[in-house]
Amino acid sequence: MEKKAITLIGAGLAGSLLGIFLARKGYAVTIYERRPDMRKTAISAGRSINLALANRGIAALEEIGLMDEIRKVLLPMAGRMLHDEAGNTQYFSYGQRPEEVIYSVSRGGLNCVLMDLAEREGVTIEFGRNCRDVDFSARTVSLLDETTQTLRDVGFDTLIGTDGSASAVRAAIQRETNGSCREEPLSHGYKELCIQPGPNGEFRLEKNALHIWPRGEFMLIALPNPDGTFTLTLFLPNEGPESFASLGSAEAVRAFFEKYFADTLPLLPDLELQFLGNPLGHLATVRSEPWHYRDLALVLGDAAHAIVPFHGQGMNCAFEDVSALNECQNGEAGWEAVFEQFFALRKPNAEAIADMALENYVEMRATVRDPKFGLKKQLSFELENRHSPRFIPRYSMVMFHRLPYAEARRRGAIQEEILNVLVEGVDTVERVDFALAESLIGERL
Ligand SMILES: Cc1cc2nc3c(=O)[nH]c(=O)nc-3n(C[C@H](O)[C@H](O)[C@H](O)COP(=O)(O)OP(=O)(O)OC[C@H]3O[C@@H](n4cnc5c(N)ncnc54)[C@H](O)[C@@H]3O)c2cc1C
């Protein structure tokens with residue numbers, strides 16, 4: 001029997017993973033990818049080299065049996081290491097159980113492993129094919145061949161856009177449905193730098209941590225890579241007195257780092273070269289609906305709901321989307337009903353993680369500097385010990401559990417109120433009124 005065909009646009013993280021699930025369901029999958037094959041050409045520097053992989057993403061990779069292979073190239077990050085202006089460090093564990101860690105993973109490496117498996121499962125990936133438009137009445141996508149610069153129309157039965165935050169498929173769905181799409185650019189951008197390993201290949205910062213230099217209005221972070229390097233990312237306003245706009249010269253860059261990140265200077269001998277040479281990235285939240293058009297097309301991952309990176313959840317959420325779509329498809333329903341069910345299930349969660357990601361930027365760059373931050377973290381763990389699963393720290397609900405994001409956000413807000421009451425006038429966990437804690441948790445959670 002002829003296999004049903006399905007066309008995907010974008011062989012990034014979500015597209016490659018989705019291709020695997022669909023091929024295993026018996027579909028003939030073709031993916032059109034704009035970029036050249038990254039397994040044959042070098043990945044460009046300076047664009048989110050590594051990512052934090054957490055429980056939701058891991059669960060999807062486990063479903064397709066890839067975790068054993070991926071695990072070999074993961075670096076566990078068990079907590080955040082805060083660096084103050086004077087060069088002092090303070091460590092806060094992310095969780096309190098051995099498995100409660102997040103992992104640094106190479107974006108390119110993970111994408112290559114997913115594409116390899118997709119092809120082994122029979123998926124066809126055509127590279128250098130840029131989707132420019134979709135004609136739903138003719139059921140064709142218009143593809144620009146990036147080498148010859150020629151346009152060609154190819155037919156499709158069902159189309160899924162996994163083409164990232166500037167999705168062409170989303171734009172076509174929007175046009176057809178008169179839908180709504182709000183792109184909310186963040187007024188802060190990012191720039192990546194690299195810390196090289198020491199002379200014997202050693203890591204030059206603690207390797208099992210996510211490093212943060214919180215400076216109130218902006219921050220620098222660092223994630224380890226298996227080759228001993230660290231990818232540093234500076235998040236900073238685009239405009240203003242201390243902004244990317246004000247860091248246009250080598251002198252300005254050095255002075256800025258001397259003032260705020262002096263302890264990184266010995267690790268960055270070529271700071272100015274890297275800073276001025278690497279691209280400036282822009283960040284935005286995309287809130288769109290609907291995500292589908294009839295039974296013809298759907299978007300998922302960043303194409304449906306791009307978020308800012310401060311909770312390290314964009315990829316994890318995209319992987320959870322793929323796994324959720326797979327489940328929606330397990331019944332007898334046709335594509336339109338599947339797409340509707342998927343939207344109903346995922347939209348509230350996409351909104352919740354979009355909001356929590358924005359909130360987490362403030363936590364990472366500013367709230368962690370508050371002396372009450374450590375106390376509240378410690379108290380959260382203690383309340384989790386005494387009252388789990390009723391009380392689970394919000395960070396843990398997002399990163400280590402698979403509770404729907406919307407539920408994590410709802411419960412997190414109540415927990416925050418409880419924590420604020422309990423730490424009022426108290427400076428150590430021992431002095432917290434745990435009888436009050438018990439009654440507040442009993443009443444409100
Ligand atoms: C600085 C930064 C740090 C991040 N850190 C984390 C993190 O720690 N943890 C985490 O979970 N997430 C993180 N993210 C988010 C994560 O990168 C995204 O959520 C994830 O890549 C989404 O996967 P996707 O497949 O939906 O989109 P993408 O990864 O963007 O893939 C889209 C694919 O479609 C292709 N494409 C685009 N347009 C077309 C077209 N017109 N035609 C054909 N192909 C096309 C692209 O070339 C690409 O291959 C971070 C993002 C940034 C910017």
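A residue is near a molecule if one of its heavy atoms lies within 4 Å of it. Keep that cut-off in mind for the ligand stop. The model on your screen is predicted.

**Stop 1: the whole chain**

Show the protein chain as a cartoon. Its secondary structure comes to 14 helices and 19 strands. The radius of gyration is 23 Å, close to the 22 Å that the globule rule gives for 445 residues, so the chain is as compact as a globular protein of that length. Now turn the model along its principal axes. The C-alpha trace spans about 70 × 55 × 40 Å. Colour by burial next. Buried residues make up 56% of the 445 residues in the chain.

**Stop 2: the ligand**

Select the ligand and the residues around it. Which residues come nearest? Of the 28 residues around the ligand, the nearest are Glu 33, Arg 35, Ala 52, Arg 107 and Asp 302. Colour this shell by class. You should find 10 nonpolar, 11 polar and seven charged residues.

Now show the backbone atoms and look at three spots.

- Gly 12: a polar backbone atom here is 3.5 Å from an oxygen atom of the ligand.
- Arg 34: a polar backbone atom here is 3.1 Å from a nitrogen atom of the ligand.
- Met 315: a backbone N or O atom here lies 2.9 Å from an oxygen atom of the ligand.

How much of the ligand does the protein bury? Taken alone, the ligand exposes 990 Å², and the protein buries 88% of that. Several elements give two or more residues to the shell: α1 (13-24), β2 (28-33), β3 (50-53), β9 (129-135) and α9 (314-328).

**Stop 3: Asn 316**

Stay with helix α9 and select Asn 316, which lies in that helix. Is Asn 316 buried or exposed? Asn 316 is buried, with a relative accessible area of 0%. Show its side chain and follow two contacts. A polar atom of the side chain of Asn 316 lies 3.1 Å from the backbone oxygen of Ala 52. The side chain also reaches the backbone nitrogen of Ala 54, at 2.9 Å. You have met Ala 52 before: it is among the residues that come nearest the ligand.

**Stop 4: helix α2**

Move to helix α2, residues 55-63. Select its buried residues: Arg 56, Gly 57, Ile 58, Ala 59, Ala 60 and Leu 61. Then go past the end of the helix. Gly 65 follows α2, and its phi is positive, near 75°.

**Stop 5: the cysteines**

Select the cysteines and show their sulfur atoms. A disulfide is a covalent bond between the sulfur atoms of two cysteines. How many disulfides does the structure hold? It holds zero. To count as one, two cysteine sulfur atoms must be within 2.5 Å.

Try Cys 194. Its closest cysteine sulfur is in Cys 112, 18 Å away, so the pair is too far apart for a bond. Cys 194 is partly exposed, with a relative accessible area of 23%.

Now try Cys 317. The closest cysteine sulfur is in Cys 328, at 14 Å, which is also too far for a bond. Cys 317 counts as buried, because its relative accessibility is 2% and the limit for buried is under 20%.

**Stop 6: two cis peptide bonds**

Select Glu 289 and Pro 290. The peptide bond between them is cis, with omega near -5°. Pro 290 lies in the loop between β17 (281-289) and β18 (292-293).

Jump to Ser 388 and Pro 389. This peptide bond is cis too, with omega near 5°. Look for Pro 389 in the loop between α11 (371-387) and α12 (394-399).

**Stop 7: two positive phi angles**

Select Gln 149, in the loop between β10 (140-145) and β11 (151-155). Gln 149 is not a glycine, yet its phi is positive, about 60°.

Next, select Asn 178, in the loop between α5 (168-177) and β13 (180-195). Asn 178 is not a glycine either, and its phi is positive, about 55°. Is Asn 178 buried or exposed? Asn 178 counts as exposed, because its relative accessibility is 71% and the limit for exposed is over 50%.

**Last stop: Glu 351**

Select Glu 351 in helix α10 (residues 335-365). Glu 351 is partly exposed, with a relative accessible area of 23%. Add Val 299 to the selection. These two residues are 52 apart along the chain, and their C-alpha atoms are separated by 15 Å.

Notes: Residues numbered from 1 in each chain as written. Predicted model: local features only at pLDDT ≥ 70, side-chain atom pairs only at ≥ 80, totals over all residues. Heavy atoms only, no water. Polar contact = N/O pair within 3.5 Å; in protein donor to acceptor, adjacent residues only side chain to side chain. Areas by Shrake-Rupley, 256 points an atom, 1.4 Å probe, with all protein chains shown as cover. Helix = DSSP H or I, 4+ residues; strand = E, 2+ residues; numbered from the N terminus. Nonpolar A, V, L, I, M, F, W, Y, C, P; charged D, E, K, R; others polar. Buried < 20%, exposed > 50% of the residue type's maximum accessible area, 1.4 Å probe, protein only. Rg over C-alpha atoms; globule rule 2.2 N^0.38 Å.
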